[in-house]
Amino acid sequence: MYGANAPFYVDIGGMRKEYKGKSEIFTEKDLKGKEPFGQFKEWFEEACNHPSILEANAVCLATATKKGIPSARQVLLKGYGTEGFRFFTNYNSRKSQELAENPHAALNFYWEALKKAVRVEGHVEKVSAAESDEYFHSRSIPSQIGAVVSEQSKPIASRDVLTKRNAELSEEYGDGSEQVPRPEHWGGFLVVPEVIEFWQGQTDRLHDRIRFRRQKNEDEPDGVLLHQGDNGWVYERLSP
């Protein structure tokens, strides 16, 4: 056994799973279009329909301070389309504070059962108050109350602080006769993508990676290393 203060190291180098076989490669011919959103929709719907994936919309959100100090956490995607990827949170939270000073973020979806992942990088904007209101009031009343109760990312003395405040608000709003006001410090963000990468794992570790990115003025697609996409996108295969 390890002592409470003793340094230790656990070698887990032997942990390894098989991924896709050589007959299941992901090539440019398999793309659903020459822009990334159709491909994301196909993979996302595949994940939603897989019995082993309980929350296909769970995604790791990475942010950073203006000094470049990173942090990451899981959030739930609540909408996506050609405009970007939408999630909701407390605007006073650590992630929101970092986005206020450095409005760039990365998303990483990983669907282990499919051996597939999607990475998104882009700048971040707040959604409108009307959009935040609409989503907030679509949530269950306990979830609305929970959003009011939690001063996300702030230290508290104990869980009792939360349960006491939750009980008070449940008494006031729990029967649904009065609408729970959306806090001004709670709302949505939109990650506007500049890069979207599709990854599929291969057992021989020659993973498939196809990256879409917004076309720059200096880009010259040659049909070999860089391919012309649609709607302002180019795409390329990356070495694993």
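Start with the contacts of the whole chain: among those between residues at least 6 apart in sequence, 63% join residues at least 24 apart. Keep in mind that this is a predicted model. With the whole chain on screen, you have five helices and ten strands to look through. The C-alpha trace spans about 65 × 55 × 40 Å along its principal axes, and buried residues make up 38% of the 240 residues.

**Stop one: two helices**

Select residues 141–149, which are helix α4, and residues 159–173, which are helix α5. How do they pack? The angle is about 130° and the axes are 9 Å apart, so α4 and α5 are oblique to each other. Their crossing is right-handed.

Now show the side chains where the helices meet. From α4, pick Ile141, Ile145, Gly146, Val148 and Val149; from α5, pick Leu162, Arg165, Asn166, Leu169, Ser170 and Tyr173. Colour that contact by residue type and you get seven nonpolar, three polar and one charged.

Stay on α4 a moment longer. Which of its residues are buried? Select Gln144, Ile145, Ala147 and Val149. To see what lies over them, switch on α3 (129–136), α5 and β7, which are included in the cover.

**Stop two: aromatic rings**

Next, show the aromatic side chains. There are 22 aromatic pairs in the whole structure. One to zoom in on is tyrosine 19 with tryptophan 199, an edge-to-face pair at 6.0 Å centre to centre, with 80° between the planes. Where do the two partners sit along the chain? Tyrosine 19 is in the segment before α1 (36–48) and tryptophan 199 is in strand β7 (residues 186–200), 180 residues apart, so the pair links distant parts of the chain. Tyrosine 19 is partly exposed, with a relative accessible area of 25%, while tryptophan 199 counts as buried at 17% relative accessibility.

For a group of rings, select Phe40, Phe44, Tyr80, Phe85, Phe109 and Trp111, which form one aromatic cluster.

**Stop three: lysine 115**

Go to the loop between β5 (104–111) and β6 (116–126), where you'll find lysine 115. Buried or exposed? Lysine 115 counts as buried, because its relative accessibility is 15% and the cut-off for buried is under 20%. Leaving aside residues up to four places away in sequence, lysine 115 touches Glu18, Tyr19, Lys20, Trp199, Gln200 and Gly201. You have already met two of these, Tyr19 and Trp199, as an aromatic pair.

**Stop four: cysteine 60**

Select strand β1 (residues 58–64) and pick out cysteine 60. Cysteine 60 counts as partly exposed, at 23% relative accessibility. What does cysteine 60 touch, not counting residues up to four places away in sequence? Light up Ala72, Arg73, Gln74, Ala106, Leu107 and Asn108. Then draw a C-alpha to C-alpha distance from cysteine 60 to phenylalanine 109: they are 6.5 Å apart in space and 49 residues apart in sequence. Phe109 should look familiar, as it belongs to the aromatic cluster.

**Last stop: glycine 223**

Finish in the loop between β8 (208–214) and β9 (227–228), the place of glycine 223. Glycine 223 counts as partly exposed, at 49% relative accessibility. For a final distance, join its C-alpha to that of tyrosine 235: the two are twelve residues apart in sequence and 9.7 Å apart in space.

How values were computed
Residues are numbered from 1 along each chain as its sequence is written. This is a predicted model: local features need pLDDT of at least 70, side-chain atom pairs count only at pLDDT 80 or more; totals for chains, interfaces and linings use all residues. Side-chain values use heavy atoms; hydrogens and water are left out. Axes are lines fitted to C-alpha atoms, for helices over the stretch in contact, and angles run from 0 to 180 degrees between N-to-C directions. Helices (H or I, at least four residues) and strands (E, at least two) are DSSP runs, numbered from the N terminus. Angles under 35 degrees count as roughly parallel, over 145 as roughly antiparallel, 65 to 115 as roughly perpendicular and the rest as oblique. A crossing is left-handed if the near helix is turned anticlockwise from the far one by less than a right angle, and right-handed if clockwise. Contact means heavy atoms within 4.5 Å. Ala, Val, Leu, Ile, Met, Phe, Trp, Tyr, Cys and Pro count as nonpolar, Asp, Glu, Lys and Arg as charged, and the others, Gly among them, as polar. Buried means under 20% relative accessible area, exposed over 50%, partly exposed in between (1.4 Å probe, protein chains only). Rings of Phe, Tyr and Trp (its six-membered ring) pair if their centres lie within 6.5 Å; planes under 30 degrees apart count as stacked, over 60 as edge-to-face and the rest as tilted.
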